[in-house]
Amino acid sequence: MEQGRAREAVVPAHGSPRVPGQGRAGGHLDDARGEHTHSEPPAPRTVHRHSVRGQILAALRTALVDGDLVPGEVYSAPALGERFGVSATPVREAMQQLSIEGAVEVVPNRGFRVTERSAQELAELAEVRAMIEVPVMLRLARTVPAARWAELRPLAEATTDAAATGDRAGYAECDRAFHRALLALAGNQQLVQVADDLHRRAQWPLTAAPVTRRADLVADAAEHLALLDALCAQNLPVVQSLVREHFTGSAL
């Protein structure tokens, strides 16, 4: 593991960590790779470590979805910490969590390498998600009244709004929120957690994948509204078809 002198965990004065690469052309975290950068961090304020770790973890997950953390590249905790305006410690803690989730792997004495994923892995995740969620959706379609499905329409519309802006990270969050709300109607929290973890992993970009187009996001979001319509109508064949196609053709 790379070495770095521990400092008090801090975040910028506005209260949230800076995403590495913001304010620069290109968008990737090139200057966070390898050794420390030497630019001065913004004016700090002390916060609880748990809060800092959570903020850094959320920002790193966003960077993964956006492709700012490049598959196959190695990033050091001290360098990322310098870019975020925090010490290396909460970055290491957040990266360790991502390592548990399979998003990165530890590279001794260097840092963390972003996992390179294949189309085969994505297909396997889609298959597992379908095995879990299709039977649940069909069962719920038979028992949940149309009024309950209608209550979820604002969440589906939020995905269409995010898709229309082309915001990949924002769409990813709205997409998972919609699916969590659907599955929550089954009353099984373990199911929701397992499905959400699989969903998050399915959103990480493939190695050398092309940038997701806004049109792809819009088409993906439209399937949420179509699914709600089918659930309200208790049209089981359409529900099954939409859920399977949504997983295999997902834009994220």
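**Strand β4, helix α4 and an internal cavity in a predicted model**

E105 is found in strand β4, which comprises residues 104-107. The structure described here is a predicted model. With a relative accessible area of 36%, E105 is partly exposed, because this value falls between the 20% limit for buried residues and the 50% limit for exposed ones. When residues up to four places away in sequence are not counted, E105 touches S99, G111, F112, R113 and T115. The C-alpha atom of E105 is separated by 8.7 Å from that of M95, a residue 10 positions away along the chain.

Strand β4 also contains V107. The relative accessibility of V107 is 10%, and V107 therefore counts as buried. Once neighbours within four places in sequence are left aside, the contacts of V107 are V74, F112 and R113. F112 and R113 thus appear in the list for E105 and again in the list for V107. V107 and Y75 are 32 residues apart in sequence, and their C-alpha atoms lie 9.3 Å apart in space.

The loop between β4 and β5 (111-114) holds N109. At a relative accessible area of 61%, N109 is exposed, since the value is over 50%. The backbone of N109 has a phi near 65°, a positive value in a residue other than glycine. Most residues other than glycine have a negative phi. A second case is Q234, which is not a glycine yet has a positive phi of about 55°. Q234 is placed in the loop between α9 and α10, and its relative accessible area of 45% makes this residue partly exposed.

For the protein overall, the model shows 10 helices and 5 strands. Of the 252 residues, 47% are buried. The protein exposes about 12,000 Å², of which carbon and sulfur atoms supply 53%. Among contacts with a separation of 6 or more, 79% are between residues 24 or more positions apart.

Helix α4 was examined in terms of its length, its bend and its cover. This helix has 25 residues, numbered 119-143, and at 1.5 Å a residue it should span 36 Å. The C-alpha atoms at its ends are 36 Å apart, so the span in the model agrees with the expected one. Helix α4 nevertheless contains a kink of about 30°, centred on A130. A130 is itself one of the buried residues of α4. The others are L125, A126, R129, E133, V134, V136, M137, L138, L140 and A141. The elements that cover these buried residues include α5 (146-150), α7 (168-184), α8 (189-202), α9 (214-232) and α10 (236-248).

Another buried position is T159, in helix α6 (residues 153-165). Its relative accessible area is 0%, and T159 is therefore classed as buried. Apart from neighbours within four places in sequence, T159 is in contact with Y171, C174, D175, F178, A221 and H224.

The model was also searched for enclosed space. The count comes to 5 cavities of 30 Å³ or more, and the largest cavity holds about 70 Å³ of space. The lining of the largest cavity is formed by R61, T62, V65, A169, A172, E173, R176, R200, Q203 and W204. Helices α1 (49-66) and α7 each supply at least two residues of this lining. The largest share, 4 residues, comes from α7. Helix α7 is also among the elements that cover the buried residues of α4.

Among the lining residues, V65 was considered individually. V65 lies in helix α1. At 7% relative accessibility, V65 counts as buried, because the value is under 20%. V65 and P205 are 140 residues apart in sequence, whereas their C-alpha atoms are 6.2 Å apart in space.

Key. Residues are numbered from 1 along each chain as its sequence is written. This is a predicted model: local features need pLDDT of at least 70, side-chain atom pairs count only at pLDDT 80 or more; totals for chains, interfaces and linings use all residues. Side-chain values use heavy atoms; hydrogens and water are left out. Buried means under 20% relative accessible area, exposed over 50%, partly exposed in between (1.4 Å probe, protein chains only). Contact means heavy atoms within 4.5 Å. Accessible areas come from the Shrake-Rupley method with a 1.4 Å probe; for residues, only the protein chains shown count as cover. The expected span of a helix is 1.5 Å times one less than its number of residues. The bend at a residue is the angle between axes fitted to the seven residues ending there and the seven starting there. On a 1 Å grid over the protein atoms alone, a cavity is a set of points where a 1.4 Å probe fits but cannot get out, and a pocket is an open set with protein on both sides within 12 Å along at least five of seven lines; lining residues have an atom within 4 Å of a point. Grid points are joined across faces, edges and corners, and a volume is the space filled by probe spheres set on the points.
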